[in-house]
Amino acid sequence: MIGPCIESLAICNDIVVVDSGSTDGTLDLLESYRQQGYPIRLFHNQWPGYARQKQYALDQAKEEWCLNLDADERLDAALANELKALVRAPRHVGAWRINFRIFLYGYGYTPESVRYGGSVRLMRRGRAKYNIEQLVHEGVIIDGEIKTSKKGHILHARSISIAEQIQKENQYSSLKAEQLFRSGNTPRIFRLFTSPIFYFIKIFFIRRYFLCGMTGFIHATIGSIYSFMTESKLYQIHYNSKLPKS
């Protein structure tokens with residue numbers, strides 16, 4: 001997955017890659033790109049969690065503007081061209097929110113009319129830091145205005161089976177439930193019933209995944225399963241915390 005990601009960053013002056021122990025040929029592939037002239041600097045850091053690992057990567061950067069991508073993400077041509085304008089933003093702008101298009105197994109990349117939403121991915125070095133208290137869906141704390149790019153997308157090439165996706169949602173929901181518990185959230189029976197329904201409605205109708213047919217329906221349903229697992233696990237964690245210590 002990382003090959004197309006690196007290739008989409010050909011316009012960058014510096015490419016920081018943080019590896020936590022890959023054994024699948026990733027390092028050899030990176031070396032081949034480095035020999036082709038890509039300005040890759042490779043760092044090894046034992047996995048400390050999502051937010052802490054991204055903060056470690058940000059700390060290694062040396063350019064004024066830093067773009068955060070996962071290995072299964074890449075810039076489309078429109079965003080690659082737009083970056084030149086985004087980094088000329090006035091000083092009060094601390095970061096840019098970038099829109100996404102995701103790959104649905106059996107469909108392809110979602111059309112631009114599907115509203116996946118955006119994420120803060122382009123930020124000024126020294127004006128951004130990751131919230132290391134978050135265990136999943138890591139957020140960025142920005143000193144300055146956050147604007148949204150109107151052109152281009154980050155493509156999320158998540159070509160995985162339903163079984164693999166359920167495994168990921170199971171992992172993410174465990175982290176999310178633990179994060180909610182640490183933040184003082186308590187389970188609510190109302191949310192256990194309604195949250196999965198609202199989650200499905202948000203994805204399928206409001207974000208317009210109905211435009212992707214059956215694959216959009218499956219995607220929205222898996223999202224509702226994630227919501228249900230999160231609420232259920234929060235209930236279980238809270239229940240276990242009340243049990244007497246043996």
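A salt bridge here is a side-chain nitrogen of Lys or Arg within 4 Å of a carboxyl oxygen of Asp or Glu. I put that down before anything else, and I also note that I am reading a predicted model.

**Entry 1: a pair to test the definition**

I looked up D70 and K54, which form a salt bridge whose closest N and O atoms are 3.2 Å apart. The pair links distant parts of the chain, with D70 in the loop between β3 (65-67) and β4 (73-75) and K54 in helix α3 (residues 50-60), 16 residues apart. I then checked the cover of each partner, and found D70 partly exposed with a relative accessible area of 29%, while K54 is buried with a relative accessible area of 12%.

**Entry 2: the chain as a whole**

I stepped back to the overall picture and noted seven helices and 11 strands in the chain. The C-alpha trace spans about 55 × 45 × 40 Å along its principal axes. For 246 residues a compact globule would have a radius of gyration near 18 Å, and because the chain has 19 Å, I wrote down that the two agree. I also recorded that 41% of the 246 residues count as buried, and that the accessible surface comes to about 13800 Å², with 54% of it belonging to carbon and sulfur atoms.

How much of the contact list comes from residues 24 or more positions apart? Among contacts in the chain with a separation of 6 or more, I found that such residues account for 74%.

**Entry 3: charges and the other bridges**

I counted charges next, and the chain has 32 positive and 23 negative side chains, with the centres of the two sets lying 8 Å apart. A search of the whole structure finds nine salt bridges, and I followed a few of them.

One of these joins D14 and R41, where the closest N and O atoms are 2.7 Å apart. D14 lies in the loop between α1 (2-7) and β1 (15-19) and R41 lies in strand β2 (residues 40-44), so the pair ties together parts that are 27 residues apart in sequence. I noted D14 as buried, at 15% relative accessibility, and R41 as partly exposed, at 24%.

Another joins R91 and E64, whose side chains meet at 2.7 Å, N to O. This pair too links distant parts of the chain, with R91 in the loop between α4 and β5 (93-104) and E64 in the loop between α3 and β3, 27 residues apart. R91 is exposed, with a relative accessible area of 54%, whereas E64 is partly exposed, with 39%. I followed the connection further and found that E64, R91 and R124 are linked in a network of salt bridges.

**Entry 4: buried charges without a bridge**

Which side chain of opposite charge is nearest to R158? I found it to be E169, 4.9 Å away, and R158 is buried yet has no salt bridge. The cut-off for a bridge is 4 Å, so a pair must lie within that limit to be counted. R158 sits in the loop between β11 (154-156) and α5 (162-182). Leaving aside neighbours within four places in sequence, R158 is in contact with I102, F103, L104, Q165 and H219.

I met a second case in E82, which is in helix α4 (residues 77-86). E82 is buried and has no salt bridge, the nearest side chain of opposite charge being K151, 4.3 Å away. Residues up to four places away in sequence not counted, E82 touches S149 and K151, and K151 therefore appears both as a contact of E82 and as the nearest opposite charge, given that contact means heavy atoms within 4.5 Å.

**Entry 5: two helix residues**

I looked up R34 in helix α2 (residues 26-35) and found it partly exposed, with a relative accessible area of 35%. R34 touches I40 and L42, residues up to four places away in sequence not being counted. I also noted that the C-alpha atoms of R34 and I15 are separated by 9.9 Å, the two residues being 19 apart along the chain.

Is F198 buried or exposed? F198, which is placed in helix α6 (residues 189-206), counts as exposed at 53% relative accessibility, because the cut-off for exposed is over 50%. The C-alpha atoms of F198 and S227, 29 residues apart along the chain, are separated by 9.3 Å.

Conventions:
Residues are numbered from 1 along each chain as its sequence is written. This is a predicted model: local features need pLDDT of at least 70, side-chain atom pairs count only at pLDDT 80 or more; totals for chains, interfaces and linings use all residues. Side-chain values use heavy atoms; hydrogens and water are left out. Helices (H or I, at least four residues) and strands (E, at least two) are DSSP runs, numbered from the N terminus. The radius of gyration is taken over C-alpha atoms; the globule rule is 2.2 Å times the number of residues to the power 0.38. Buried means under 20% relative accessible area, exposed over 50%, partly exposed in between (1.4 Å probe, protein chains only). Accessible areas come from the Shrake-Rupley method with a 1.4 Å probe; for residues, only the protein chains shown count as cover. Lys and Arg count as positive and Asp and Glu as negative; His and the chain ends are not counted. The place of a charge is taken as NZ of Lys, CZ of Arg, CG of Asp or CD of Glu.
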